[in-house]
Amino acid sequence: MISENLKNLRLRNKLTQEQVAEQIQVSRQAVAKWEKGESVPDLTSSIALANLFQVTLDNLVHYEDEGLGLDLPPKGKHFFGTVKLGERGQIVIPKKARELFHLQQGDRLIIVGDEERGLAIVPEEQMSQFFSLVKTPLDPPSDS
């Protein structure tokens with residue numbers, strides 16, 4: 001896994017093995033062996049690689065795209081798998097996503113969409129906070 005992830009990340013970032021080696025202070029041969037799966041980077045090098053490619057250490061080591069062709073997500077971005085749209089339009093949000101975003105039964109969610117980028121689900125509380133920070137041109141001027 002780590003060997004494939006390293007190679008994919010390096011290619012996605014248009015870096016040579018030499019450039020990666022220089023940035024994390026190892027030999028080019030070490031990077032080549034990691035990518036071939038002949039050896040694995042030590043913890044210090046793994047942390048440096050995760051920082052270089054801006055991914056989590058866990059994803060660097062364990063991420064598998066499960067045949068979906070999805071790239072390793074950047075730090076702070078998540079892929080929770082797929083869901084199936086039910087007969088009446090319902091979906092089940094994966095447990096890992098519910099836990100990470102502290103979603104519980106009864107929470108209200110807002111579905112927003114962009115015809116070019118797709119759908120997003122936002123907790124109602126966060127959307128309300130966002131709207132309270134944004135003034136529209138139609139808002140009356142404040143008395144201050």
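Is R10 buried or exposed? In this predicted model, R10 is buried, with a relative accessible area of 10%. The legends below start with the whole chain and then move to close-up views.

**Figure 1. The whole chain: 7 helices and 2 strands.**
Welcome to the overview. Reading from the N terminus, the elements follow the order α-α-α-α-α-α-β-β-α, so the two strands sit next to each other in that order, between the sixth and the last helix, by the numbering of DSSP runs from the N terminus. The protein chain has 144 residues, of which 23% count as buried. About 11,500 Å² of the protein chain is exposed, and carbon and sulfur atoms supply 51% of that area. Take the contacts between residues at least 6 apart in sequence: 34% of them join residues at least 24 apart.

**Figure 2. A buried salt-bridge pair, R10 and E35.**
By the rule used here, the model has 2 salt bridges, and this view shows the one between R10 and E35. The closest N and O atoms of R10 and E35 are 2.5 Å apart. R10 belongs to helix α1 (residues 2–12) and E35 to helix α3 (residues 28–36), so with their positions 25 residues apart in sequence the pair links distant parts of the chain, helices being numbered from the N terminus. How accessible are the two partners? R10 has a relative accessible area of 10%, and E35 has a relative accessibility of 11%. Both R10 and E35 count as buried because these values are under 20%.

**Figure 3. A cavity lined in part by R10 and E35.**
Stay with R10 and E35 for a moment, as both help to line the largest cavity. The count of cavities of 30 Å³ or more comes to 1, and the largest cavity holds about 40 Å³ of space. Along with R10 and E35, its lining is made of L6, V20, V31, W34, L49 and F53. Which elements each supply at least two residues of this lining? They are α1, α3 and α4, and α3 gives the most, with 3 residues. By class, the lining of the largest cavity has 6 nonpolar residues, no polar residues and 2 charged residues. R10 and E35 are the charged ones, because Arg and Glu count as charged.

**Figure 4. S46, a buried serine in helix α4.**
Helix α4 spans residues 43–53 and includes S46. With a relative accessible area of 5%, S46 is buried. Which residues does S46 contact, once its neighbours within four places in sequence are left aside? The partners are I2, P41, L57 and L60.

**Figure 5. A second salt bridge, within helix α6.**
Here E99 pairs with K95, and their closest N and O atoms are 3.7 Å apart. Both residues lie in helix α6 (residues 95–100), 4 residues apart, which is about one turn of the helix. E99 counts as partly exposed at 48% relative accessibility, whereas K95 is exposed, with a relative accessible area of 53%. The two fall into separate classes because exposed means over 50%.

**Figure 6. The largest pocket, with a volume of about 870 Å³.**
The lining of the largest pocket has 24 residues, and the closest to its centre are I93, L103, A120, I121 and V122. The elements that give two or more residues to this lining are β1 (109–114), β2 (118–123) and α7 (124–133). Which element gives the most? That is β2, with 5 residues. Sorted by class, the lining of the largest pocket has 16 nonpolar, 4 polar and 4 charged residues.

**Figure 7. Two loop residues with positive phi, K14 and Q54.**
Most residues other than glycine have a negative phi. K14 is not a glycine, yet has a positive phi of about 55°. K14 lies in the loop between α1 and α2 (17–24) and counts as exposed at 74% relative accessibility. Q54, also not a glycine, has a positive phi of about 55°. Where is Q54 found? Its place is the loop between α4 and α5 (57–62). Q54 is exposed, with a relative accessible area of 55%.

Terms used:
Residues are numbered from 1 along each chain as its sequence is written. This is a predicted model: local features need pLDDT of at least 70, side-chain atom pairs count only at pLDDT 80 or more; totals for chains, interfaces and linings use all residues. Side-chain values use heavy atoms; hydrogens and water are left out. Buried means under 20% relative accessible area, exposed over 50%, partly exposed in between (1.4 Å probe, protein chains only). Contact means heavy atoms within 4.5 Å. Accessible areas come from the Shrake-Rupley method with a 1.4 Å probe; for residues, only the protein chains shown count as cover. On a 1 Å grid over the protein atoms alone, a cavity is a set of points where a 1.4 Å probe fits but cannot get out, and a pocket is an open set with protein on both sides within 12 Å along at least five of seven lines; lining residues have an atom within 4 Å of a point. Grid points are joined across faces, edges and corners, and a volume is the space filled by probe spheres set on the points. A salt bridge is a side-chain nitrogen of Lys or Arg within 4 Å of a carboxyl oxygen of Asp or Glu.
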